[in-house]
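This briefing goes through one protein chain, from its overall build to individual residues. Please keep the sequence and the structure at hand while reading.

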Amino acid sequence: MRDPLAAFEGIGRRADGSIARLDLGPFRPYLVTRPEHVQHVVRDNAANYPRRGMLWEPFSRLVGDGIAGEGPAWAASRATLQPVFAGRNITALLDEMAATVDEAVADLAGRAAGEPALDLGLEMTRVVQRVLNLVFFGGRIRLEDADRLGKAVSTAMMSFLWRMMMPFVPLAVPMPGDRAFRRSSRTVEEILGPIVAEARRSPTGGGDVVSLLLQGTGADGTPLSDRQVRDDIVGLWVAGSESTAVALTWLWVTLAAHPEVADRVYREIDDVVGTDTLGRDHVRHLRYTTMVLNESLRIHSVGWVVPRTSAADDVIDGVPIPAGATILVSPYLTHRLPDVWEDPLTFDPERFAPGRARGRHPLAHLPFGAGTHECLGQHFFMVEAALIVAAVLRRFRPVVDTAVPVRAQASLTVRPARPVAFTLRPR
């Protein structure tokens, strides 16, 4: 409990890709890290490994059983939301997204001018939320409410660790984090409840997430209730805001630790964007920036463990898995297997150069999950992140003032253990 991520890494090194069973007292999950073993769980026999138990039960208290759940309700929500994240729709939104990112970076520059140092994670959350306000809410949410929502969701995510590590403890038994979770849940309800109610009273017919959910239906064919709409918005907000802001925080920390990589990113952005207005035509040409993003997601896996529960007895690579067992799929450890990734702890964007993936198992890189529950928004993330990096670096040279390397801490996501201070130097 003091440092579960360090303990997890130690177990991963000892297991070296083998299926391992963790002895945590009454809780004894199986750890699965090899890509072919992961494929069995999330693709080949996915029906036997639903998202239940550890993590999902505490998480569902925040996000419900829709897009972050399992079964018919999840399938209905996913079908409703698929058009928002389709490549064609994201391409159509690119110019508006780029303008929104530029406005957010201009606001960031204003704050940076008046402060000696800023909180990197908080500022990345603010930038990301401006984009999500456009795509998710159609601009319905006030910026100050977006800030409150982001903080509440982040606090709730940090509160889950004890519940995750001790899933056998009943909810009626108080645990660390419970009080913070309840406060955060109330804040989420206070902000989103009125927005969903107003959107239902005055529909715009737009293509944003709220509008699509209000037009969608549940597994039984009836319209989604306000509660179901709210739950799906929170589930997407967690993925789109919390996870994206954490990933971008690690990216800036990584660039600070690797100035030679940062210099190459600067040159590419200068060559591709220059003094033009940032827009849709630039994103596809930011090839090295995209390689850097992928390698940062490999080294700094935002999701460190994804639990599943076996519905029936099974066998994975000769290892018997009994019904009811918890299976821990770990992108964090998969990304560190030395026989899958040469010199895995070295940051090397060239791993994602064209042609380099040939021969690599398709599930060796798992930043967005895989199988039926693969993240809907992975293309959205890559486009959004590239726009944010370009918008910042065409105007500034960010300087991380916190000493690197920055220690990681596990909650629901893997984030820096302490706030990372940074300043923006004008070019």
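In which loop is the place of aspartate 343? Aspartate 343 sits in the loop between helix 15 (331-334) and helix 16 (378-393), in what is a predicted model. The points below begin with the chain as a whole, then turn to the sheets, to backbone features in loops, and finally to selected helix residues.

**The chain as a whole**

- The secondary structure of the protein chain amounts to 16 helices and 11 strands, and its C-alpha trace spans about 60 × 55 × 40 Å along the principal axes.
- The radius of gyration of the protein chain is 21 Å, which agrees with the value near 22 Å that a compact globule of 427 residues would have.
- Among the 427 residues of the protein chain, 56% count as buried, and the accessible surface comes to about 18400 Å², with 52% of that surface belonging to carbon and sulfur atoms.
- Of the contacts in the protein chain with a separation of 6 or more, 74% are accounted for by residues 24 or more positions apart.
- The protein chain carries 48 positive and 49 negative side chains, and the centres of these two sets lie 3 Å apart.

**The two open sheets**

- Strands of a sheet pair through backbone hydrogen bonds, and the pairing can be either parallel or antiparallel.
- One open sheet is formed by four strands in the order 1-2-7-4, with mixed pairing; strand 1 (20-21) and strand 4 (306-309) stand at its edges, and because each has a single partner strand, one side of each is left without a neighbour in the sheet.
- Within this four-stranded sheet, strand 2 (residues 30-32) pairs with strand 7 (residues 326-329) in the parallel sense over three bridges, and valine 32 stands opposite valine 329 in strand 7.
- Another open sheet consists of three strands in the order 3-11-8, with antiparallel pairing; strand 3 (118-119) and strand 8 (396-400) are the edge strands, each of them pairing on one side only.
- In the three-stranded sheet, five bridges join strand 8 to strand 11 (residues 421-426) in the antiparallel sense, and phenylalanine 396 has proline 426 of strand 11 as its bridge partner.

**Backbone features in loops**

- Valine 404 and proline 405 are joined by a cis peptide bond, with omega at about 5°, and proline 405 has its place in the loop between strand 8 and strand 9 (408-410).
- Aspartate 317 has a phi near 50°, a positive value in a residue other than glycine, and lies in the loop between strand 5 (314-316) and strand 6 (319-321).
- With a relative accessible area of 62%, aspartate 317 is exposed, since the exposed class takes in values over 50%.
- Aspartate 343, the residue of the opening question, also has a phi near 50°, again a positive value in a residue other than glycine, but aspartate 343 is partly exposed, because its relative accessible area is 49%.

**Selected helix residues**

- Where is tryptophan 250 found, and is tryptophan 250 buried or exposed? Tryptophan 250 is found in helix 11 (residues 226-257), and at 2% relative accessibility tryptophan 250 counts as buried, given that buried means under 20%.
- Leaving aside neighbours within four places in sequence, tryptophan 250 is in contact with Ser296, His300, Val406, Arg407, Ala408, Val414, Arg415 and Pro416.
- Tryptophan 250 and leucine 5, which are 245 residues apart in sequence, lie 16 Å apart in space from C-alpha to C-alpha.
- Asparagine 294 is part of helix 14 (residues 287-299) and, at 17% relative accessibility, counts as buried; not counting residues up to four places away in sequence, asparagine 294 touches Phe352, His365 and Met382.
- Leucine 93 belongs to helix 5 (residues 87-114) and is buried, with a relative accessible area of 18%.
- Leucine 93 and glycine 279 are 186 residues apart along the chain, whereas their C-alpha atoms are separated by 9.9 Å.

Notes
Residues numbered from 1 in each chain as written. Predicted model: local features only at pLDDT ≥ 70, side-chain atom pairs only at ≥ 80, totals over all residues. Heavy atoms only, no water. Helix = DSSP H or I, 4+ residues; strand = E, 2+ residues; numbered from the N terminus. Rg over C-alpha atoms; globule rule 2.2 N^0.38 Å. Buried < 20%, exposed > 50% of the residue type's maximum accessible area, 1.4 Å probe, protein only. Contact = heavy atoms within 4.5 Å. Areas by Shrake-Rupley, 256 points an atom, 1.4 Å probe, with all protein chains shown as cover. Lys, Arg positive; Asp, Glu negative; His and termini not counted. Charge placed at Lys NZ, Arg CZ, Asp CG, Glu CD. Pairing = 2+ DSSP bridges.
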